[in-house]
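Visitor: I have a new structure to look at. Could you walk me through it?

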Amino acid sequence: MSAVPTTGARRVDFNPVTRVAGALSFQTAVDIEGGQVLDAHALATLFRGYEVILEGRDPRDAIFVSSRACGVCGGVHSTASALALEMAFGVQPPPMGIVGRNLMVAVEDLYDRPTHLFTRVGPDYSEPVVRETNPELWERALQTPAPGRATHGFALIADIMTAMTRFSGKLYTEALGMSRRAREAYVLLGGKYPHPQTIVPGGLSAHINASDLQLMFFRVAEFFDYSQKVVAVWDDIVDFFFEADPRFREVGRGRANFIDLGLWDDPFAYDGTFEAASSWAERRWSTPGAIVDGRVRTSDARRINTGVEEFVGHSFYEDWGSGRAGGSGNGAGPNRLSARHPSNKETIPQPGEADPSRKYSWSTAARWDREPMETGAYARLWATAIADKVPHRSFIEPTGHSLRLAIPQGALPATEIEWRIPERWGALERNRAQAYALAFSALVAYENQVIALDLLRRGGPDAGVSTHYKVPKDGRQATGLWGGNRGYLSHHVTLDGQVIQSYQIVGPSTFNMSPRDDSGKPGPCEAAVIGTPLLSTANRERCIDVLRTIRSFDPCMTCATH
Amino acid sequence: MAREAAPRLGSGIGGARGGQSTGVVHVFWLAGMSCDGCSVSTLGAITPSVEDMVLGRIPALPQVVLHHPMLADDSGQDFVEPYRQAAEGTLGAPYVMVVEGSIPDDQSLERAGQFAGLGVGSDWPRSLPSARASEQPLRTSDWIWALAPGAAASVAIGTCATWGGIPAAAGNITGSMGLMDYLGVDYRSARGVPVVNVPGCAPVGDNFTEALAELLQYLEGIAPLPDFDELGRPAWQFEQTVHRHCPKAGYYEEGVFAEEPGDTECLVEIGCWGPVVQCNIVERGAVNHMGGCMVAGGACIGCTMPGFPDKYSPFYKAPPGSAISGGISKVYGGGIRRLRRMSMKSGNREPMWDNAENVPTGWGRAKGKRDPVDKVNAYFYKKLQYRGSVNHAARNKKQPLPQSRDILTQKGVDHTRHVDVLGERIRSREEI
């Protein structure tokens, strides 16, 4: 073990880390008395071999097989795969096909954000947990009026904490209910969730009529009030912790490195080509971005793609050498990408003993420009806010340092909320940003609804949902540049002779939950855990601040390893 | 919790408590080669919902103590401890094992390691073989064989855990299999039940929670063993092909087929396997009675079936059998469709409109007078329809036209506005 106990340090295993998606475990060295985490390793403990299973298959299987890599982000892989196939086949969906897919991803987010905020991270701030780990904070919460009462209805911070209690809390069960409302909207176009049955290369296999759009709209509209409420709840909780003890800003501290490819295509810009990817991706409702230490390095999806590499020095895989770099007979011709780029990668599993000094995770270490990067629903906010490039501004207004969101009236009056880029990035700020991301997605859903209704009413070819395609016989290499509900998502496919030669998936948690890379740099979540102070005044053995840190990354291990 | 904590399984067989359950049952959720999609589906269920079962809100069900990694309170050893107790037989309460995801063949790994892990070596019961180094991750597959014999029932949720699914598809390198294959043909639970299978990728959440509820009522002794089919599926959910209840089956009957994704007709020719796939998603819906693959326009790819995905690949390519059955359907369905259109010509017309020889709609240019051929057709049709009964066609002919018909004209009120908002949208009756 590398985590040799120093004075006061003891080994704590979190196997499994619960209330995350997929199989995640953390191995840590913690100085309980000193309140410090000295070392941490993130172990992805599941490998299923999707990339290997996809090799040698008919490309038409790719969407429905690759979707099944993750059932939590149960729709986004289908679209990432469709984008890759559209690039490979040279097919462009009609506007309604694109808008329909936008709607599906947006309402999928309306299921996913509440589930994350209230069934996964929420209980960490609930009455039973706060009373157990920081009884003085509970006492304070009982005395602290909630500033957002007019919006969310809770008089005291303590009332919010009670409502966040697992299963019995009102906010917990309400989130389950709202996640079901969002899924009802999803299955109108997707047929089912997870694993929608209607996403095809060239668009959708769904018939969209006025009933579908109205049924969906009434459900989306419920999220105008709900997202106001969720934002008010999390603003109150986050501000309460910071005011009670400023050291909570250090919990889960991160560097503000972000990567995202953007999400929701402009129906009149997306053409499926790699050549035009920089321009169509820039017209997305959320802007692509690679941000290092809080500064945008690029908003160009192609440059973001080029900088991605995967390392396996600490992962249960054999190194694949130079792979397909330089074009080694796959028919797709030479490429100038790094040998570590997913398009050049081969998946060669090597199961073995977990040893932090050697190999310990089934996740690769995904890096951009050799930097560990965070991604997530909050990366969408960061990249969109700073870049200030979004062309669709009916409800969304980036300012360079914040994102203003105009929420239409429901039972609550219309309002404008503003997410500001925080000075210090950490666990609580991740959660707060997730709440704003819910409002963001509701507004994107709304605007795409309006476009879809307009296309439907005007009729003609633009109202079609799919474009005919043929599977090409020659060699093709293509990439689906997309965003999961949890951020960056890319699918990389190489075809030849109408058969998949290589299929690679990089999911959000391949970045967030990555192990050390070949140069020994910890993954973003590992680094955040290592810096985290343990602020519990009671039952510190529970290491609640470690768990708060890990969960704030919204891990999805089934996306991370496939 | 208001419930008494004492285990009551096995007591009071035959509904002695009037269908009321006061027991407590633990449910251990084990995720093998899973995408967590079955867990997500289960959280989408409403009849019953997970929270209602966990909170013990349903009178006819025991309270469920759920051990699920995605929903748990504790992490690490505190979370795994009850698994250990159940495997050792010291839990003190009955339990059901639910497996999501297929089971990898990692027992065969020569070196250390696992494809799916849960807990660390120090969590493993000392009374059982297969101990591992205290700090090494344990294999999920070890927990499954350790928990299966003592479980009141073992349930496989989803196509991976039931039949193998995608992790067991051609080219896999993990040796994955379904729960029945792993436990063997002779497996019976502590209460004598073979593996129960609720397939689907992902399954309809309500299929699972409903089957679990039925099973719990049986285990509680307040209901008979549910009707499972020869593969352990809830028979009432899976005995029909999805095509039989498909909203597009009527198109098939009339021999009209979709040519491209997005068309509204029967999807068989663009790759739908529905006529030979056992599933109930089109009648039950995917969530809260909404959605369903073909309801939305998606072709069935057989995701509830053994052999998925390979036996249904390539997706969105017409199944070979459809050339024969679809061809036949086009011939006889085409005839049926024409006959129906003929009948429909006299439909969409009130008897009063026939008498007045006028259709009072501003939306279409409907002919007031009917074609003589249509009239003759309708005459003989009605003759057959009303034979042996009352002839309403004849009675309606004698019905006088109401005096206040077309009231605005009669009163001399100006009511025709010359603003044309319809334009080309005015259709002739024949198109309707």
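Visitor: Let's jump straight in. In S12(A), which residue is the bridge partner of A:Glu397?
Guide: The partner is A:Arg404. One thing to keep in mind from the start: this is a predicted model.

Visitor: Noted. How do S11(A) and S12(A) pair up there?
Guide: They pair in the antiparallel sense, over three bridges. S12(A) covers residues 402–407.

Visitor: What sheet are these strands in?
Guide: An open sheet of three strands in chain A. The order is S11-S12-S13, and the pairing is antiparallel.

Visitor: Which strands stand at the edges?
Guide: S11 (396–398) and S13 (415–420) of chain A. Each has a single partner strand, so one side of each is left without a neighbour in the sheet.

Visitor: How much does that sheet twist from one strand to the next?
Guide: The average is 20°.

Visitor: Which helix lies across S11, S12 and S13 of chain A?
Guide: That is helix H13 of chain A, residues 377–387. H13(A) runs at about 105° to S12(A).

Visitor: Staying in chain A, how do H4(A) and H14(A) cross?
Guide: Their axes come within 8 Å and cross at roughly 155°. H4(A) spans residues 95–120, and H14(A) spans residues 427–458.

Visitor: Are they parallel or antiparallel?
Guide: Roughly antiparallel. H4(A) passes H14(A) in a left-handed crossing. The contact of these two helices has 18 nonpolar, eight polar and two charged residues.

Visitor: Over to chain B. Which domains does the assignment give?
Guide: Domain 1 is 24–234, domain 2 is 242–323 and domain 3 is 350–431. The centres of domains 2 and 3 of chain B, taken over C-alpha atoms, are separated by 40 Å.

Visitor: Chain B has a sheet too. What is the strand order?
Guide: S2-S1-S3-S6-S7. Five strands make up this open sheet, and their pairing is parallel.

Visitor: And which are the edge strands?
Guide: S2 (63–67) and S7 (196–198) of chain B. Each pairs on one side only. The twist in this sheet averages 25° from one strand to the next.

Visitor: How many bridges join S1(B) to S2(B)?
Guide: Five, with the strands running parallel. S1(B) covers residues 24–31. As an example, B:Val27 has B:Leu66 in S2(B) as its bridge partner.

Visitor: What helices lie across those strands?
Guide: H3(B) lies across S1, S2 and S3 of chain B, at about 110° to S1(B). Helix H4 of chain B, residues 140–147, lies across S1 and S3 of chain B. H4(B) runs at about 150° to S1(B).

Visitor: New topic. How many residues does each chain give to the contact between A and B?
Guide: Chain B gives 70 residues and chain A gives 72.

Visitor: Which element gives the most to the side of chain B that touches chain A?
Guide: H1(B), with six residues. By class, that side of chain B has 41 nonpolar, 21 polar and eight charged residues.

Visitor: How does H1(B) sit against H7(B)?
Guide: The axes come within 7 Å and cross at roughly 75°. The two helices are therefore roughly perpendicular to each other.

Visitor: Which residues meet there?
Guide: From H1(B), B:Ser41, B:Thr42 and B:Gly44. From H7(B), they meet B:Gly205, B:Phe208 and B:Thr209. The contact of H1(B) with H7(B) divides into one nonpolar, five polar and no charged residues.

Visitor: Now the backbone oddities. Is the bond from B:Thr47 to B:Pro48 cis or trans?
Guide: It is cis, with omega near -10°. B:Pro48 is in the loop between H1 and H2 of chain B.

Visitor: What about the bond from B:Phe308 to B:Pro309?
Guide: That peptide bond is also cis. Its omega is near 5°. B:Pro309 lies in the loop between H11 and H12 (321–346) of chain B.

Visitor: Last one. What is the phi of B:Asn288?
Guide: Positive, at about 50°, although B:Asn288 is not a glycine. This residue is in the loop between H10 (281–284) and H11 of chain B.

Definitions and conventions. Residues numbered from 1 in each chain as written. Chains lettered and ligands numbered in written order. Predicted model: local features only at pLDDT ≥ 70, side-chain atom pairs only at ≥ 80, totals over all residues. Contact = placed C-beta atoms within 7 Å. Helix = DSSP H or I, 4+ residues; strand = E, 2+ residues; numbered from the N terminus. Nonpolar A, V, L, I, M, F, W, Y, C, P; charged D, E, K, R; others polar. Axes fitted to C-alpha atoms, helices over the stretch in contact; angles between N-to-C directions. Parallel < 35°, antiparallel > 145°, perpendicular 65-115°, else oblique. Left-handed = near helix turned anticlockwise from the far one by under 90°. Domains from an automatic or database assignment. Pairing = 2+ DSSP bridges.
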